[in-house]
Amino acid sequence: MQRKNPMDVEDTHKALILKRNGKNILQYNYVWMDPPEGVDKSFGRSGFIHPAYTPSGYILTRIQPKDHYHHYGIWNPWTHVLYDGTMYDLWNLGDKKGTVRARKIEKIYKGEVFSGYEASLDHYIFSTVGEKIIMDELWNVKAWNTPGGFLWDFESTLHPSTVLPIILKEYRYAGFSFRATEDWTKDNCEMLTSEGYERPEIDGTTARWIYVNGNTKQGRSGLLFLSNPHNYNSPEPLRIWNEKANGGRGDAFINFAPTKNKDWTLLPGKQYKLRYRVLTYDGTMTKEHAEQLWKDYAYPPQVKETK
């Protein structure tokens, strides 16, 4: 009998599901998903992570909420994109200026130590002469066989697709983002950053890591985002919703936004990487644990070769 890998990937022909010992870690959706019935079709897309789970099976992500139909769990679009003298928006899908679409699954990994995938995505602009791909992206996502929570790495490689540069303009939000479960509101979740800021103070500050703990039907759970120190504009600015968001509900939204306070120019023929690590867990996080996990990620121990 063939031995099953502890770190596995299931392909449903619509999505890839990363697993650890049979438990779902996250799902990458590579087939186009329409918005809810009656909503403008422009709000559909492909190439996003949802659900993202805790080890107990609680779903931490949310997609296509009524307040922001363009929110897709964990995703990575750009808002103010200057190309050939014109500004485009690949985040606010309802503006119909651009979008991101999954292109292809390039690789799948499974084994004893990790599972994961490489997937290519295309960044489109919409103009009076039609659609055009101006940037290609490669996601490399790996989930690790570690005890406790689900630990996984996200790497985005951006590459201009034409002979023209792309300028990701300064704007208050764009890039690697997380829209949390609708169960979390201002009344039952808390946030903390590496700099010691709590939810009312976080937006616009910079951080190496941020976590959110919230109530679930099984108790407390949470998600920790770690930013790689080699990312552009590190330590990166944060865009979060404070407790007054969505008419006072205080839904949870977290975004590492490297272009929040400065432009980023991407030149043809070059590649640009952004790297993050994510931990989803049952229970709670502490600042001491988060800091140690960031140090382990940012400065991994060097393994010496034996002769």
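Strand 1 and strand 2 form a hairpin, with three residues between the two strands. In the turn, His13 has a positive phi of about 75 degrees. The two strands, residues 7-11 and residues 15-20, run antiparallel and are joined by five bridges. Asp11 stands opposite Leu16 of strand 2. The model that shows this hairpin is predicted.

Across the protein there are three helices and 21 strands. The radius of gyration is 19 Å, close to the 19 Å that the globule rule gives for 307 residues, so the protein is as compact as a globular protein of that length. Among contacts between residues at least 6 apart in sequence, 63% join residues at least 24 apart. Further values for the protein as a whole are listed here.

| Property | Value |
|---|---|
| Box filled by the C-alpha atoms, along the principal axes | roughly 55 × 50 × 45 Å |
| Residues that count as buried | 55% of 307 residues |
| Exposed area | about 14000 Å² |
| Part of the exposed area from carbon and sulfur atoms | 49% |

The largest nonpolar core has 60 residues, and Tyr117, Trp152 and Phe178 touch the most other members. Strand 10 (residues 130-144) gives the most to this core, with five residues. Leaving out residues up to four places away in sequence, Trp152 touches a set of residues that includes Ile25, Leu26, Ile49 and Ile74. Val141, Lys142, Ala143 and Trp144 are also among the residues that Trp152 touches, as are Tyr276, Arg277, Val278 and Thr280. Apart from the largest core lies another core, of 14 residues, including Tyr211, Leu279, Tyr297 and Ala298.

Conventions
Residues numbered from 1 in each chain as written. Predicted model: local features only at pLDDT ≥ 70, side-chain atom pairs only at ≥ 80, totals over all residues. Heavy atoms only, no water. Core = buried A, V, L, I, M, F, W, Y, C linked by side-chain atoms within 4.5 Å. Buried < 20%, exposed > 50% of the residue type's maximum accessible area, 1.4 Å probe, protein only. Helix = DSSP H or I, 4+ residues; strand = E, 2+ residues; numbered from the N terminus. Contact = heavy atoms within 4.5 Å. Pairing = 2+ DSSP bridges. Rg over C-alpha atoms; globule rule 2.2 N^0.38 Å. Areas by Shrake-Rupley, 256 points an atom, 1.4 Å probe, with all protein chains shown as cover.
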